[in-house]
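Grab a pencil and work through these exercises at your own pace. Each one sets a task, and a step-by-step solution follows.

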2 protein chains.
Amino acid sequence: MSVSDASASPAAHSPSSDAAADPASQLAAASAEYERLAAAGLSLDITRGKPSAAQLDLSDGLLSCVDGESFRAADGTDTRNYGGAAGLRELREIFAPLLQAPVDQLLAQGNSSLTLMKDALTFALLHGRPDSPAPWAAEAVRTGAPPRFLCPVPGYDRHFGLAEALGFELVPVSADAEGPDPEQVAALTAEDPSIKGIWLVPVHSNPTGVSISPARARTLLALETAAPDFTVMWDNAYALHHLREPHPEPVDVLALAAEAGRPDRVLTFASTSKITHAGAGVAFFAASPAMTDWFLTHTGAGSIGPDKVNQLRHARFFGSSEGVLAHMRRHAALLAPKFAAVDAVFSRVLGPEDLAAWTNPGGGYFITLAVSPGTASRVVKLAGEAGVKLTPAGATHPYGLDPDDAIIRVAPSMPPLEEVETAAEVVAACVRLATLEARASGV
Amino acid sequence: MSVSDASASPAAHSPSSDAAADPASQLAAASAEYERLAAAGLSLDITRGKPSAAQLDLSDGLLSCVDGESFRAADGTDTRNYGGAAGLRELREIFAPLLQAPVDQLLAQGNSSLTLMKDALTFALLHGRPDSPAPWAAEAVRTGAPPRFLCPVPGYDRHFGLAEALGFELVPVSADAEGPDPEQVAALTAEDPSIKGIWLVPVHSNPTGVSISPARARTLLALETAAPDFTVMWDNAYALHHLREPHPEPVDVLALAAEAGRPDRVLTFASTSKITHAGAGVAFFAASPAMTDWFLTHTGAGSIGPDKVNQLRHARFFGSSEGVLAHMRRHAALLAPKFAAVDAVFSRVLGPEDLAAWTNPGGGYFITLAVSPGTASRVVKLAGEAGVKLTPAGATHPYGLDPDDAIIRVAPSMPPLEEVETAAEVVAACVRLATLEARASGV
């Protein structure tokens with residue numbers, strides 16, 4: 001996993017007083033500190049990347065910008081009625097430059113990009129892609145081997161869960177500071193036609209915060225793969241979700257794929273879930289012209305168009321691409337202090353003795369905390385018993401199995417700042433205790 | 001097909017002056033009348049069951065009943081955030097009695113019941129139902145025979161198109177004034193395990209207006225079928241969409257299925273598309289507890305919950321089940337005159353010479369017009385050339401093929417009343433001309 005060296009920086013504060021004490025005293029002190037925090041009767045939740053109420057408030061203008069006098073789109077369309085499978089053009093025009101997608105290849109759909117990913121994989125399973133020898137599900141029955149999907153680790157549990165639910169076998173691949181390991185991916189895909197694709201969160205990845213480099217993207221797009229229909233699932237969930245400047249330059253993946261001679265390899269997804277209202281936003285799909293047609297054709301069999309009223313709300317609320325960017329700066333102003341607070345607590349408690357490493361990401365919604373191998377489950381259990389709910393250890397890996405039991409995903413976005421600080425104190429105390437326990441037991 | 005005798009009633013006006021003339025004069029007069037109407041340069045569309053702007057206006061209160069101060073559900077849930085896979089409980093409580101579904105078995109989802117139907121069939125294809133020997137797609141590959149679906153005709157083109165797109169072979173079955181022919185359905189399903197289900201619009205069916213009788217529903221639910229996972233797709237699209245009183249008593253299909261010992265056979269669907277805003281409504285799914293769990297589990301792999309803000313809008317806007325019923329009476333007041341206008345024109349022009357039969361439905365969105373065999377395509381073509389767009393002839397049948405070329409679906413909801421009258425005049429003139437042409441050519 002990629003935990004930047006810079007983030008595991010020396011503590012801002014001096015080492016705690018027991019740092020130089022004997023191991024038994026250290027363990028006793030850590031245990032006492034844990035008990036002290038656990039006694040506070042906390043009930044905090046840092047499991048999921050949900051926006052806070054203050055972030056949701058930023059978009060409340062959405063709720064009243066379309067009314068009974070203003071439901072018509074710029075072209076006169078009555079957004080209340082059926083139709084418009086591709087989504088409202090004026091909203092697609094706002095997001096096209098932000099997502100590096102030509103507007104005619106950008107679809108605005110329902111409220112969830114995860115649903116669009118499910119749809120795309122389902123279409124490939126049932127119907128095949130245009131470049132598939134057969135529908136993936138039929139191929140699996142004929143060959144007796146399930147389709148397989150590459151899962152860079154640590155990664156997003158819902159990606160892995162979706163692929164598993166759809167019958168894919170999950171194949172972990174490691175990743176570094178530029179993205180998935182190209183040699184592993186090349187070796188796995190070169191001869192196995194059952195490997196149908198790879199998950200990617202290209203910008204501020206969940207949970208590592210890594211953004212893919214253009215060179216790495218180019219490599220993945222150009223790979224010779226045994227499967228002619230190998231698919232890069234480019235989940236651009238955090239494309240605009242920067243915590244500070246400078247931020248990663250966006251990779252124009254559709255252009256890179258075309259340059260690589262494989263325009264149809266990549267399917268891209270994004271949404272406003274972490275831009276406006278998480279449950280009531282708009283999801284986007286973009287791909288090559290051929291794959292956009294493919295997606296729209298299969299979607300069209302089961303839909304008479306997306307919720308255009310909500311799309312009009314979004315277009316009105318933002319007004320322009322620059323409006324979206326200004327809005328994202330307001331999110332950053334709310335989020336950055338929370339990430340900084342976790343970093344400060346971890347640096348103070350865990351830094352001096354190098355008890356863990358953690359990321360200090362430039363964007364996205366997560367901090368990856370790498371603890372001593374074999375202790376992540378214990379940390380999560382201790383934290384839960386102390387009233388701080390963490391994502392289950394292993395959730396960042398296929399099938400929920402982290403072979404090192406070392407990776408914890410921390411999601412500081414939702415609770416108020418002071419609760420985030422408290423939760424970080426508890427987590428740090430748990431890491432300290434679990435680590436010292438493990439050392440004491442000679443593990 | 002079922003065209004009630006009552007609807008093909010004698011004309012309110014006296015027969016046209018050429019009714020007693022010789023065939024050549026009649027044809028010349030019909031042709032002249034058609035040319036006169038075609039010369040008006042009309043551009044009318046009665047193809048789809050879309051609500052009119054005036055109907056959509058009825059629900060504009062939706063657009064402003066949730067704002068930045070009122071986004072919390074009754075239980076305190078912040079509807080703006082993720083979560084709540086089953087949908088907002090207070091909305092489900094309003095619709096549960098209207099849809100004869102226990103609230104815990106009723107899901108409120110996205111904006112389209114057609115999408116929920118697509119999802120349910122897709123889950124059966126990819127994963128199988130709990131009572132399936134194998135996923136339907138895998139079974140098809142192994143047996144070499146596609147899964148098959150029964151399609152009562154005339155029926156809803158999007159049902160047929162969806163099933164076809166998903167790889168089902170479409171099998172037409174006839175229907176009468178109580179629903180699908182039970183003997184045909186029994187004969188087809190008794191020995192063929194590839195027949196996986198049947199489409200049904202139980203109330204004010206698209207396009208015939210027939211509502212299924214409780215006895216017929218009981219028969220379908222109790223049938224011994226070769227497929228253990230035979231599924232009744234109960235699309236209750238017009239459950240509340242009555243044009244006059246008295247209206248058909250609702251069939252409590254979930255209770256009937258349980259009584260028949262086959263609680264899992266029926267999956268039910270509905271939406272507010274033709275209640276509030278067609279593109280921005282809420283869709284519902286209801287089934288047995290086991291099938292509701294099955295649907296929710298598979299949906300949950302690809303969703304972090306539906307748009308609860310929009311569901312809250314609907315709950316607030318209606319307030320109660322009675323609020324929905326009162327709202328539907330306002331729709332009826334707008335729709336009934338359009339249906340009456342078509343009936344009056346058809347009665348005047350087509351009735352005296354029995355040139356066609358048509359329905360005068362008690363609800364729903366369609367009039368089925370049965371013309372002389374072999375002339376429906378000609379009527380649609382003539383109408384199109386005269387500026388009145390009709391659904392393509394055959395659309396009411398699987399694969400768009402009406403073997404008799406006799407059925408035309410008329411959708412009078414969307415244009416203003418005076419345009420509906422004009423369109424009906426044109427259609428009637430086209431029917432008259434096409435019928436007399438056919439008689440003249442001895443067909």
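Before counting, a definition: helices here are DSSP runs of H or I with at least four residues, strands are runs of E with at least two, and both are numbered from the N terminus. Keep in mind that this is a predicted model.

**Exercise 1. Count the helices and strands of chain A, then work out how its radius of gyration fits the globule rule.**

Step 1: Going along chain A, you get 14 helices and 13 strands.
Step 2: The radius of gyration of chain A is 23 Å, and the globule rule gives 22 Å for 443 residues.
Step 3: Those two values are close, so chain A is as compact as a globular protein of that length.
Step 4: For a picture of the outline, put the C-alpha atoms of chain A in a box along the principal axes; the box comes to roughly 70 × 55 × 35 Å.

**Exercise 2. Describe the inside, the surface and the charges of chain A.**

Step 1: Start with burial, where the cut-off is under 20% relative accessible area. Of the 443 residues in chain A, 60% count as buried.
Step 2: Now look at contacts in chain A with a separation of 6 or more: 77% of them come from residues 24 or more positions apart.
Step 3: Turn to the outside. Chain A has an accessible surface of about 15500 Å², and carbon and sulfur atoms hold 55% of that.
Step 4: Finish with the charges. Chain A carries 32 positive and 50 negative ones, and their mean positions lie 5 Å apart.

**Exercise 3. Find out how chain A and chain B are related, and through which surface the copies meet.**

Step 1: Superpose chain A on chain B. The rotation needed is 180°, with 0.0 Å of shift along its axis and an RMSD of 0.0 Å.
Step 2: The two copies are thus related as by a two-fold rotation axis.
Step 3: Check the interface. In chain A, 100% of the interface residues are also interface residues in chain B, so the copies meet through the same surface.

**Exercise 4. Decide whether Leu390(A) is buried or exposed, and list what it touches.**

Step 1: Locate Leu390(A) in the loop between β12 (388–389) and β13 (407–410) of chain A.
Step 2: Its relative accessibility is 6%, so Leu390(A) counts as buried.
Step 3: Leave out residues up to four places away in sequence, and the contacts of Leu390(A) include Ile46(A), Thr47(A), Val380(A) and Ala383(A). Ile408(A), Arg409(A), Val410(A) and Val427(A) are touched by Leu390(A) too.
Step 4: For a distance, take Val379(A): eleven residues from Leu390(A) in sequence, with 9.1 Å between the C-alpha atoms.

**Exercise 5. Compare the settings of Ala344(B) and Pro228(B).**

Step 1: Ala344(B) sits in helix α12 (residues 321–350) of chain B, while Pro228(B) sits in the loop between α8 and β7 of that chain.
Step 2: Ala344(B) has 41% relative accessibility and so counts as partly exposed. Pro228(B), at 52%, counts as exposed.
Step 3: Ala344(B) and Glu425(B) are 81 residues apart along the chain, with 9.8 Å between their C-alpha atoms. For Pro228(B) and Arg129(B), 99 residues apart along the chain, the C-alpha separation is 9.8 Å.
Step 4: Beyond four places in sequence, Pro228(B) touches Asp131(B) and Pro133(B).

**Exercise 6. Spot the unusual backbone angles.**

Step 1: Here's the background: most residues other than glycine have a negative phi, and most peptide bonds are trans.
Step 2: Asp354(A) has a phi near 50°, a positive value. This residue lies in the loop between α12 (321–350) and β10 (357–358) of chain A, and at 58% relative accessibility Asp354(A) counts as exposed.
Step 3: Gln100(B) also has a positive phi, near 50°. Its place is the loop between α3 (89–95) and β2 (106–108) of chain B, and at 19% relative accessibility Gln100(B) counts as buried.
Step 4: Now the peptide bonds. The one from Asn206(B) to Pro207(B) is cis, with omega near 5°, and Pro207(B) lies in the loop between β6 (195–200) and α8 (214–222) of chain B.
Step 5: From Glu245(B) to Pro246(B) the bond is cis, with omega near -5°. Pro246(B) belongs to the loop between β7 (231–235) and α9 (253–259) of chain B.

Definitions and conventions: Residues are numbered from 1 along each chain as its sequence is written. Chains are lettered from A and ligands numbered from 1 in the order in which they are written. This is a predicted model: local features need pLDDT of at least 70, side-chain atom pairs count only at pLDDT 80 or more; totals for chains, interfaces and linings use all residues. Side-chain values use heavy atoms; hydrogens and water are left out. The radius of gyration is taken over C-alpha atoms; the globule rule is 2.2 Å times the number of residues to the power 0.38. Buried means under 20% relative accessible area, exposed over 50%, partly exposed in between (1.4 Å probe, protein chains only). Contact means heavy atoms within 4.5 Å. Accessible areas come from the Shrake-Rupley method with a 1.4 Å probe; for residues, only the protein chains shown count as cover. Lys and Arg count as positive and Asp and Glu as negative; His and the chain ends are not counted. The place of a charge is taken as NZ of Lys, CZ of Arg, CG of Asp or CD of Glu. Copies are superposed by least squares on the C-alpha atoms of residues with pLDDT of at least 70 in both.
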